[in-house]
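Me: I would like to go through the labels attached to this model and see what each one rests on. Please set each value against its cut-off and then conclude.

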Amino acid sequence: MNINEIQDGYVIDHIHAGGAMRIYRYLGLDKLDCSVAIIKNAKSERMGRKDIIKIDELIPLNLEIISYIDAGATVNTIKDGKLIDKQHLTVPQRVVGVLKCKNPRCITQTEQEIQQVFVLADAEKKQYRCYYCDTIHKPED
Amino acid sequence: MRHMLDIIDWSLDELDALMDTADDIIAHPDDYADACRRKKLATLFYEPSTRTRLSFEAAMIELGGQTLGFADASASSVSKGESVADTVRTVGCYADIIAMRHSKEGAPTVAANFSPVPIINAGDGGHHHPTQTLADLLTIRREKGRMNQLVIGLCGDLQFGRTVHSLMNAMARYKSIRFVLVSPDELRIPEYLREGMKSLGVPFTEVERLEDVIGTLDILYMTRVQRERFFNEADYVRLKDSYILTPAMLRPARKDLTVMHPLPRVNEISVAVDNDPRACYFKQVLYGKYMREALILKLLEAAK
């Protein structure tokens, strides 16, 4: 793939330097058959350094995951080689199926089929609480 | 559908209305003797409990209804590996309302997501115990005559003590409430609760010695250090007797102090305190039954 030219796909831009691999992993991009490019530590006027992910296919994209990991990222949608949409993300109110509750007493630990749901507790500190047991999940957890 | 999972899901007006109903049941029990005729309450107790289960059953019987259920997970299909979701979907076909106690935190929330009938959280791990809080609220209102301008001391296991968490969440919404949190360092309130109190702007102090603060309190809420919440027996043994309330300790306390305890106690309140007029923990038990009656009535009415 020529990483500068995408016909149909996404450019996830303005990812904080070092954050691209986490987004790649959480989105499950390793399972895609299409071309995916990760550009690390690209020069940026605004951010100094940034990461970029380019995906060469219009897959269903879970914006909640991207916004949870990096609410400062922008998601550009490319169709027929043209930019048709540019989304600035915000911190999500709910995160489903991304985080795992660390509380050994939480019902999600014994009933594994229950979907993990976290609700935003503190937007500034980026803390979420488990919907079931209220345990706080911090970004560093 | 309305459930009782966490006390903060209910507004102060709704809690006041439940207390009004409980007061009315106390004053006119005969008026409610057939209120739940032909209705069934299922008590699904995955974890042993005597008083809470019996309180629910007594409440339903006094309302003219009937009860069914299990008192131990090993005596149910849970022992075969059935999920909470499947259990409540099944039991919801037999009963009109379900009271659930579970050792896992959040289990009643899962139940409410799948149940065709109202769910009452009768205690989930160290998380919430809202119907104990209903008992506590009625005790406070009847004993103090007000729900505001109170200094409330909470003493003992504040980390795993779910009754403490629910009571703090409920009382924090009334005006001019201040909490004095007395516990060993290892058993302080969980972080989410501390953050919650801070965000609500509710003043609280955390101390280790009850003797230093007992004279400042309107209410003293004692709790048991619960063996079943510890993974490590040595930690339990080290902390279990951190606080023991005796008549001597009560000497500097106010004459109108209200001493409460969710029971059962082990030895955190000396039996010599029982005859002190400030000891209200057995009244709490009685008020709990009336509040459960009021709650059952409200939830069944809402489910119509």
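Reply: A residue is called buried when its relative accessible area is under 20%. The model is a predicted one. By that cut-off 13 of the 15 residues of α5(B) are buried, and the helix is mostly covered.

Me: How do you know that the length of helix α5 of chain B agrees with its number of residues?

Reply: The expected span is 1.5 Å times one less than the number of residues. For the 15 residues of helix α5 (residues 130-144) of chain B this gives 21 Å, and the end C-alpha atoms are 20 Å apart, so the two agree. The helix is followed by B:G145, which has a positive phi near 75°.

Me: Why is A:L58 called partly exposed?

Reply: Partly exposed lies between the limits of 20% and 50%. A:L58 has a relative accessible area of 33%, so the label applies. A:L58 sits in the loop between β3 (48-55) and α2 (63-69) of chain A. Beyond its neighbours within four places in sequence, A:L58 is in contact with residues including A:D8, A:Y10 and A:I78.

Me: What makes A:D30 and A:K31 a salt bridge?

Reply: The rule asks for a side-chain nitrogen of Lys or Arg within 4 Å of a carboxyl oxygen of Asp or Glu. The N to O distance for A:D30 and A:K31 is 3.9 Å, and this is within 4 Å, so the pair counts. A:D30 is partly exposed because its relative accessibility is 48%, whereas A:K31 is exposed at 66%.

Me: What makes B:K289 and B:E62 a salt bridge, and why is B:K289 called buried?

Reply: The closest N and O atoms of B:K289 and B:E62 are 2.7 Å apart, and the limit is 4 Å, so the rule is met. The pair links distant parts of the chain, with B:K289 in helix α10 (residues 281-303) and B:E62 in helix α2 (residues 51-62) of chain B, 227 residues apart. B:K289 has a relative accessible area of 13% and is therefore buried. B:E62, at 33%, is partly exposed.

Me: Which label, buried or partly exposed, fits B:R194, and which fits B:E206?

Reply: B:R194 is at 16% relative accessibility, so it counts as buried. B:E206 is at 29%, so it counts as partly exposed. The two form a salt bridge, with the closest N and O atoms 3.0 Å apart.

Me: How many salt bridges does the rule find across the interface of chain A and chain B?

Reply: It finds two. A:K125 and B:E195 form a salt bridge, their closest N and O atoms being 3.4 Å apart; the limit is 4 Å, so this distance passes. The interface also holds eleven residue pairs in polar contact. The area buried between chain A and chain B is about 1500 Å², with carbon and sulfur atoms giving 53%.

Me: What is the count of salt bridges between domain 1 and domain 2 of chain A?

Reply: The count is zero. Three residue pairs are in polar contact between domain 1 and domain 2 of chain A. The area buried between these domains is about 610 Å², of which carbon and sulfur atoms give 59%. On the side of domain 1, A:Y26, A:E64 and A:Y68 lose the most area to domain 2, together 84% of what that side buries.

Technical notes
Residues numbered from 1 in each chain as written. Chains lettered and ligands numbered in written order. Predicted model: local features only at pLDDT ≥ 70, side-chain atom pairs only at ≥ 80, totals over all residues. Heavy atoms only, no water. Helix = DSSP H or I, 4+ residues; strand = E, 2+ residues; numbered from the N terminus. Buried < 20%, exposed > 50% of the residue type's maximum accessible area, 1.4 Å probe, protein only. Contact = heavy atoms within 4.5 Å. Buried area = accessible area lost by both parts, 1.4 Å probe. Polar contact = N/O pair within 3.5 Å; in protein donor to acceptor, adjacent residues only side chain to side chain.
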